[in-house]
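User: I would like to go through this model with you. Could we take the helix packing and then the charged pairs?

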Amino acid sequence: MLWLWGTQEGITLVHTAAANGHEKVVQCLMERDADINARSFYQWTPLMQASAYGQISVATLLVESDAEVDTTNVMGASALVCAARGGHTSVVHSLLVAGASVNNDGGTVNPLMSAAIAGHETVCRLLIDKK
């Protein structure tokens, strides 16, 4: 398992590359057995990082590589909540196709509430249609 240069907060190279949309770097790390479901101190996964920053190519790569789509962080937010909050329609769609739960409400807000609070009408419609 590759944990090279992880921080005290548990942020790994995969987290950082995912958040910044570096698909080829994520692929390279995966080829070297990096843990695509690694958890930071606050229980964020690389998929949550990619989703929060709208990095569709990395999110798709992680989903296709069997990253856990419905796991949640310490606030109860899943990758779908992260994508919905940011208004990242393509990532939301990709996660829904992968089977992410629209009804994830283990935290303070669910995906639909996150999108509505942030004013992302297109994402709201996508989530309502999925329900």
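Analyst: The turns below discuss helix packing and salt bridges in this predicted model.

User: How do H4 and H6 pack, and at what angle?

Analyst: Helix H4, residues 56-64, packs with helix H6, residues 89-97, at an angle of about 10°. Their axes are 9 Å apart. Because angles under 35 degrees count as roughly parallel, H4 is roughly parallel to H6.

User: Which residues meet there?

Analyst: From H4, the residues are Ile-56, Ala-59, Thr-60 and Val-63. They meet Ser-90, Val-91, Ser-94 and Leu-95 of H6. The residues of this contact comprise 5 nonpolar, 3 polar and no charged.

User: Which residues of H6 are buried, and what covers them?

Analyst: Val-91, Val-92, Ser-94, Leu-95 and Leu-96 are the buried residues of H6. Their cover includes helix H3 (46-52), H4, helix H5 (79-86) and helix H8 (121-130).

User: What does the backbone do just after H6?

Analyst: Gly-99, just after H6, adopts a positive phi of about 100°.

User: Back to H4. At what angle does H2 cross it?

Analyst: Helix H2, residues 23-31, crosses H4 at roughly 25°, and the two axes come within 9 Å. That makes H2 roughly parallel to H4.

User: Is that crossing left-handed or right-handed?

Analyst: The crossing of H2 and H4 is right-handed.

User: And which residues are in contact?

Analyst: On the H2 side they are Glu-23, Val-26, Gln-27 and Met-30, and on the H4 side Ser-57, Val-58, Leu-61 and Leu-62. By type, the residues of the contact of H2 with H4 are 5 nonpolar, 2 polar and 1 charged.

User: Changing topic: how many salt bridges are there?

Analyst: The structure holds 2 salt bridges. In one of them, Glu-31 pairs with Arg-32, and the closest N and O atoms are 3.8 Å apart.

User: Are those two residues buried or exposed?

Analyst: Glu-31 counts as exposed because its relative accessibility is 53%, and the cut-off for exposed is over 50%. Arg-32, with a relative accessible area of 48%, is partly exposed.

User: Where does the salt bridge of Arg-125 and Glu-121 lie?

Analyst: Both residues lie in helix H8, 4 residues apart, about one turn of the helix. An α-helix has 3.6 residues a turn, so residues three or four places apart point the same way. The side chains of Arg-125 and Glu-121 meet at 2.8 Å, N to O.

User: Are Arg-125 and Glu-121 buried or exposed?

Analyst: Arg-125 and Glu-121 are both exposed.

Definitions and conventions
Residues numbered from 1 in each chain as written. Predicted model: local features only at pLDDT ≥ 70, side-chain atom pairs only at ≥ 80, totals over all residues. Heavy atoms only, no water. Axes fitted to C-alpha atoms, helices over the stretch in contact; angles between N-to-C directions. Helix = DSSP H or I, 4+ residues; strand = E, 2+ residues; numbered from the N terminus. Parallel < 35°, antiparallel > 145°, perpendicular 65-115°, else oblique. Contact = heavy atoms within 4.5 Å. Nonpolar A, V, L, I, M, F, W, Y, C, P; charged D, E, K, R; others polar. Buried < 20%, exposed > 50% of the residue type's maximum accessible area, 1.4 Å probe, protein only. Left-handed = near helix turned anticlockwise from the far one by under 90°. Salt bridge = Lys/Arg side-chain N within 4 Å of Asp/Glu carboxyl O.
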